[in-house]
Amino acid sequence: MSRVPGWLGRLGAGLTDMSERYNARRAEAERERDDSESRTLADEHVPPPPDYAPDVAARPDPALAVPWGVRVAAEAGWRLLVLAGTVWVLMRVISAVQLVVLSFVIALLITAMLQPTVARLRRHGVPRGPATALTAILGFVVMGLIGWFVTWQVMENIDDLSGQIQDGIDELRNWLLNSPFHVTDKQINEIAKNLREAVGANTDQITSAGLEGVTVVVEALTGILLAVFCTLFLLYDGKRIWQWTLKLVPAAARPGVAGAGPAAWRTLTAYVRGTVIVALIDAIFIGLGIYFLDVPMAVPLAVFIFLGAFIPLVGAVASGALAVVVALVTQGVFTAVMTLVVVLAVQQIEGHILQPFILGRAVRVHPLAVVLSVAAGGMVAGIGGAVVAVPLVAVTNTVVGYLRSYSQKAALRHSVRPRGATAVSAEPTPQTPSE
């Protein structure tokens with residue numbers, strides 16, 4: 001019985017050895033067969049191409065065959081198309097809620113004008129709620145009184161103004177009859193007749209314009225209410241609104257945006273303050289000039305000049321032209337020329353002395369950018385767009401400049417590496433935005 005297990009073990013070992021030798025021989029045979037097949041394929045005779053066949057050069061990679069300039073233009077082109085599509089969609093959204101956007105932007109402008117008063121009251125120990133209420137009530141009362149005063153002056157002087165306009169038209173007619181232009185009475189009557197016919201033919205359009213005017217008044221009142229509510233909340237809780245807005249920004253870009261926000265707000269505040277001061281100076285001096293020239297409704301015209309100054313370049317020209325036209329039809333050519341001299345003198349002083357001195361370096365926008373932005377804003381959103389175009393461009397300029405300098409400083413900080421014995425680790429320690 002003791003020899004049976006040994007015998008079985010030797011038998012199993014022999015069978016295992018035979019199986020291993022068989023597997024090794026089979027693998028060797030397969031390798032020899034593969035080598036013989038590869039040698040057979042390599043030894044096959046490939047006939048050479050005929051003599052008349054053209055030489056076929058290796059074709060380069062299509063990406064390398066495109067010139068470098070074309071590749072750069074293509075890369076920039078599709079990115080510009082994406083940006084243009086984004087801007088188009090954004091403009092469509094803004095146009096759909098144009099009233100809300102304009103109301104909020106106007107509220108920002110009013111807040112930039114009133115917020116320093118709230119901050120001054122807070123420094124004197126007044127709580128935030130009463131300080132906001134006092135400032136808002138005072139600001140809106142002043143703006144309402146200005147509007148009421150202009151309306152009252154126009155209604156009080158409209159009868160006298162219409163009579164003076166009629167007298168001025170008669171004087172202008174007599175001057176044209178006696179002028180070197182050889183205008184006849186028949187030609188003047190023909191022009192007046194054409195004007196009357198044009199008004200009569202467009203009665204329906206005038207009526208529809210009046211109905212549209214009612215809609216405009218309703219929209220204006222809605223926009224005023226929205227602007228008032230937005231101003232109140234921005235004055236009372238502007239800091240927390242800004243902190244909530246920062247949470248919508250990606251974490252990687254949050255530090256830069258957090259610094260660009262206060263810089264943009266300083267620019268907007270400086271723009272509003274400077275514009276108000278410059279507009280007030282223009283209104284006072286031009287108003288005094290046309291008052292001493294006996295131009296009717298000097299005070300309402302001065303208020304229109306003040307409001308027109310909030311539209312750079314275009315508003316000053318339009319309000320000055322209105323004063324000149326009123327002087328022409330009421331007091332004659334000489335008074336109109338003198339009014340034009342006063343307007344041009346004050347505007348020259350404004351452009352070369354007041355604006356550089358008052359606004360300084362806080363708002364640096366090229367005149368070409370001002371003209372283009374006012375034109376684009378007027379085309380997109382009318383008078384409201386023209387008013388908010390320049391401060392929007394000024395704020396955008398400040399934000400872009402700040403983010404550029406911030407990125408350069410960040411790149412410089414990351415490029416500096418310790419040297420010598422202090423250079424322990426080659427990799428900088430990552431920091432979170434909160435650090």
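At which residue does helix α4 bend, and which proline follows within four residues? The bend of about 40 degrees falls at L114, and the proline that follows within four residues is P116. The bend at a residue is the angle between axes fitted to the seven residues ending there and the seven starting there.

This is a predicted model, in which local features need pLDDT of at least 70 and side-chain atom pairs count only at pLDDT 80 or more, whereas totals for chains, interfaces and linings use all residues. Residues are numbered from 1 along each chain as its sequence is written, and side-chain values use heavy atoms, with hydrogens and water left out.

**Overall composition**

The chain holds twelve helices and zero strands. Helices (H or I, at least four residues) and strands (E, at least two) are DSSP runs, numbered from the N terminus. Of the 435 residues in the chain, 23% are buried. Buried means under 20% relative accessible area, exposed over 50%, and partly exposed in between, with a 1.4 Å probe and protein chains only.

**Helix α4**

Helix α4 covers residues 98–123, and its 26 residues should span 38 Å at 1.5 Å a residue; the end C-alpha atoms are 37 Å apart, which agrees. The expected span is 1.5 Å times one less than the number of residues. Buried residues of α4 include L102, L109, I110, L114 and P116. After α4 comes G125, with a positive phi near 95 degrees.

**Annotated spans**

An unreviewed UniProt entry places the feature "transmembrane region" at several spans, among them 271–292 and 367–394. UniProt positions are given in the numbering used here, feature names are shortened, and annotations may be inferred rather than shown by experiment. The table describes these two spans.

| Residues | Helix | Strand | Distance between end C-alpha atoms |
|---|---|---|---|
| 271–292 | 100% | 0% | 32 Å |
| 367–394 | 100% | 0% | 12 Å |

**Helix α12 and its contacts in space**

Helix α12 comprises residues 367–415 and contains N397. N397 counts as partly exposed because its relative accessibility is 42%. N397 lies 9.6 Å from T267, C-alpha to C-alpha, although 130 residues separate the two in sequence. V387 also belongs to α12, and its relative accessibility of 22% makes it partly exposed. Between the C-alpha atoms of V387 and A309 the distance is 9.4 Å, with these positions 78 residues apart along the chain.

**Helix α9 and the preceding loop**

D294 sits in the loop between α8 and α9. Its phi is positive, about 65 degrees, although D294 is not a glycine. With a relative accessible area of 56%, D294 is exposed. Helix α9, by contrast, is mostly covered, with eight of its eleven residues buried; among them are P300, L301, I305, F306 and G308.

**The internal cavity**

One cavity of 30 Å³ or more is counted, and the largest cavity holds about 50 Å³ of space. On a 1 Å grid over the protein atoms alone, a cavity is a set of points where a 1.4 Å probe fits but cannot get out, and lining residues have an atom within 4 Å of a point. Grid points are joined across faces, edges and corners, and a volume is the space filled by probe spheres set on the points. Helices α8 (254–292), α9 (298–308), α10 (314–331) and α11 (333–358) each contribute at least two lining residues. The lining includes D282, I305, G308, A309, Q347 and E350. By class, the lining comprises four nonpolar, three polar and two charged residues. Here Ala, Val, Leu, Ile, Met, Phe, Trp, Tyr, Cys and Pro count as nonpolar, Asp, Glu, Lys and Arg as charged, and the others, Gly among them, as polar.

Definitions and conventions: On a 1 Å grid over the protein atoms alone, a cavity is a set of points where a 1.4 Å probe fits but cannot get out, and a pocket is an open set with protein on both sides within 12 Å along at least five of seven lines; lining residues have an atom within 4 Å of a point.
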